[in-house]
Amino acid sequence: MSWTEFWIVLGVCAITMLACRVLPLFLLKGKALPETLGRALGFIPPAAFAALVANDLLTPGMFSGGLWPAAIPLIAALCVIVVACKTRSLLYSALTGVIAYALLTLI
């Protein structure tokens, strides 16, 4: 790839990114969204986070090292889910995940 092609690709990516992020802000400024759309948009952050977490927890070769090494992150994630549902605290959930993972790797 030449430098000219690189700058063209970079420019097109920058324009596309700005158009997708900035243009809706200007078009929707001062307008109220329907409640159903607002509710649907509220599901985007949890869905994106769940996809990232699932991608780290479930990998194609996760059982190649044995059952216990593959189960450690899953058990730690289960501990985090329990604490998150009971406390609704990001701090306690993160601490639980780190501590559970550390303790399970020591066993």
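Author: Helices here are DSSP runs of H or I with at least four residues, strands are runs of E with at least two, and both are numbered from the N terminus. This is a predicted model, where local features need pLDDT of at least 70, side-chain atom pairs count only at pLDDT 80 or more, and totals for chains, interfaces and linings use all residues. Residues are numbered from 1 along each chain as its sequence is written, and side-chain values use heavy atoms, leaving out hydrogens and water.

Reader: OK, rings. How many aromatic pairs does the structure hold, and what makes Trp3 and Phe6 one?
Author: There are two aromatic pairs. In the Trp3 and Phe6 pair, the centres are 5.6 Å apart and the planes stand at 85°. Rings of Phe, Tyr and Trp (its six-membered ring) pair if their centres lie within 6.5 Å, with planes under 30 degrees apart called stacked, over 60 edge-to-face and the rest tilted. The verdict for Trp3 and Phe6 is therefore edge-to-face.

Reader: Where do Trp3 and Phe6 lie?
Author: Both are in helix α1 (residues 3-28), three residues apart, about one turn of the helix. Phe6 also pairs edge-to-face with Trp7, at 5.2 Å centre to centre and 70° between the planes. Ring pairs thus join Trp3, Phe6 and Trp7 into a cluster.

Reader: Why is Trp3 called exposed, and why is Phe6 called partly exposed?
Author: Buried means under 20% relative accessible area, exposed over 50%, and partly exposed in between (1.4 Å probe, protein chains only). Trp3 comes out at 64%, so it is exposed. Phe6 has 33%, so it is partly exposed. Trp7, at 51%, is exposed.

Reader: On to Ser93: how do you know whether it is buried or exposed?
Author: Its relative accessible area is 9%, so Ser93 counts as buried. Ser93 sits in helix α5.

Reader: What makes the link from Ser93 to Ser89 a polar contact?
Author: The side chain of Ser93 reaches the backbone oxygen of Ser89 at 2.7 Å. A polar contact is a pair of N or O atoms within 3.5 Å; within protein, one must be able to donate a hydrogen and the other to accept it, and residues adjacent in sequence count only if both atoms are side-chain atoms. The 2.7 Å value falls within that limit.

Reader: Which residues is Ser93 in contact with, leaving aside neighbours within four places in sequence?
Author: They are Val80, Val83 and Ala84, where contact means heavy atoms within 4.5 Å. Val80, in helix α4, is in contact with Ser93, Thr96 and Gly97 when neighbours within four places are again left out.

Reader: Why is Val80 called partly exposed?
Author: Because its relative accessibility is 23%, between the two limits.

Reader: Last one: what is notable about the phi of Arg88?
Author: Phi of Arg88 is near 55°, a positive value in a residue other than glycine. Arg88 lies in the loop between α4 and α5, and its 73% relative accessibility makes it exposed.
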